[in-house]
Amino acid sequence: MRSGRNRRKWIYVLLLMGLLGLSGCGSPSSASVEMSSQTELVKTGSMELQYAENFTVDYYEDGYKMLTTLPDSQRYLLVPEGQPVPQGLDEDVSILQEPLQNIYLVASGVMDMFASLGAVDQIRFSGQKQENWYIQKAQDAMAAGDMIYAGKYSKPDYELLVSEGCDLAIENRMITHSPEVVEMLQSFDIPVMIEYSSYEQHPLGKVEWVKFFGALTGKEAKAEEAFAEQTEILEEVESGEKTGRTIAFFYVTSNGLIQVRQSTDYIPKLIELAGGRYIFENLEDSGSGRSTLNMQVEDFYAGAKDADILIYNSSIDGGVTTVDELIDKCNILKDFKAVQEGQVYCTTNDMYQQSMAIGYLLQDMHTVLTDDDTAKLRYLFLLQ
């Protein structure tokens, strides 16, 4: 298998060598080599973070920035336009030459951050087709031809990416299951960056990744504004009523299992911040690296039948519109306290792409917990 992948890799390389030569567009790395000098990096400070724990941004004289993703210890030096690439850098540092204008965005949760920054125009290639985007600015860009589909994470269109000068691929953790794709992209001098916002345990840690992409796109001030808006919502909700009511957040898989969140995930933390309690308070599969767990229906019944509120996660199967549809998926749910008392909600289909709306989801959960006006809900709706 390995030799077969290597053969395919070199076939791509040979086919695209001519294409690269004809295009006249040097890769970010080759352009950087020509500009190399004796420039030394002089650090001036680091980005201050409130909640995020899985990235850092360091600032240097003359506008250089070093972005680091901590789970994989990958570093990316952002070189200002017209500035030389410093010599003596460690070999594992990826060089990103400003301006970044041809990003391949596969991590769909990041699009909302780019939209909030006004930086969608820096994304040329999409890992989603137009009809699969819930972010309006992404839909509009693809409709106008400014953003084009370049294949999903496991099957990118290498020829398209190389011919149009892709300068960075932003992936989610799924790419770790396809290491040959990372190898291929890097062989074409396309740096690969994995975003780890899903590793953040605090909900606003996920949101704070907007600062990481603000630094990447040169829009730090916009990022601070967007983040501040979400922190204000948190402060407002935290000052409200703490009901202590319990919530079970779940999804019924195609093979009849119940998928729930580990207690260390951001959803249980969101429920806590909203003034409630996640029904599975000590549910953890340490070392799995996953935010979810699958359990048998009987185990879910034993742990969640007395939950005050059920929230069905629609992000995978498109969700349900009525309680009867939900019971059709799992008949035993009809005996749950929340079903009998009419306290069953579903997330909207676009919630998982709305990474900059966690504050609003927090508001929704607080509304549900306090029996406030459900007409105000944005990302949850009551099942009839």
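In the predicted model, K305 and D306 are joined by a salt bridge in which the closest N and O atoms lie 3.1 Å apart. K305 is partly exposed, its relative accessibility being 27%. This contact belongs to a structure that holds 13 salt bridges.

A further salt bridge is formed between the side chains of D92 and R75, with an N to O distance of 2.9 Å. The pair connects distant parts of the chain: R75 is located in strand β4, whereas D92 occupies the loop between β4 (74-79) and β5 (93-97), and the two residues are 17 residues apart. Partial exposure applies to D92, which has a relative accessible area of 39%, and R75 is likewise partly exposed, with a value of 23%. R75 and D92 also take part in a network with D90, the three residues being joined through salt bridges that share partners.

A salt bridge is also found between the side chains of E224 and K211, where the N to O distance is 3.9 Å. Here the link runs between two helices, with K211 in α8 (residues 209-217) and E224 in α9 (residues 220-238); the partners are 13 residues apart and represent distant parts of the chain. The accessibility of each partner was also computed. K211 has a relative accessible area of 4% and is classed as buried because this value falls under 20%. E224, by contrast, is partly exposed, with a relative accessible area of 40%.

Terms used:
Residues are numbered from 1 along each chain as its sequence is written. This is a predicted model: local features need pLDDT of at least 70, side-chain atom pairs count only at pLDDT 80 or more; totals for chains, interfaces and linings use all residues. Side-chain values use heavy atoms; hydrogens and water are left out. A salt bridge is a side-chain nitrogen of Lys or Arg within 4 Å of a carboxyl oxygen of Asp or Glu. Helices (H or I, at least four residues) and strands (E, at least two) are DSSP runs, numbered from the N terminus. Buried means under 20% relative accessible area, exposed over 50%, partly exposed in between (1.4 Å probe, protein chains only).
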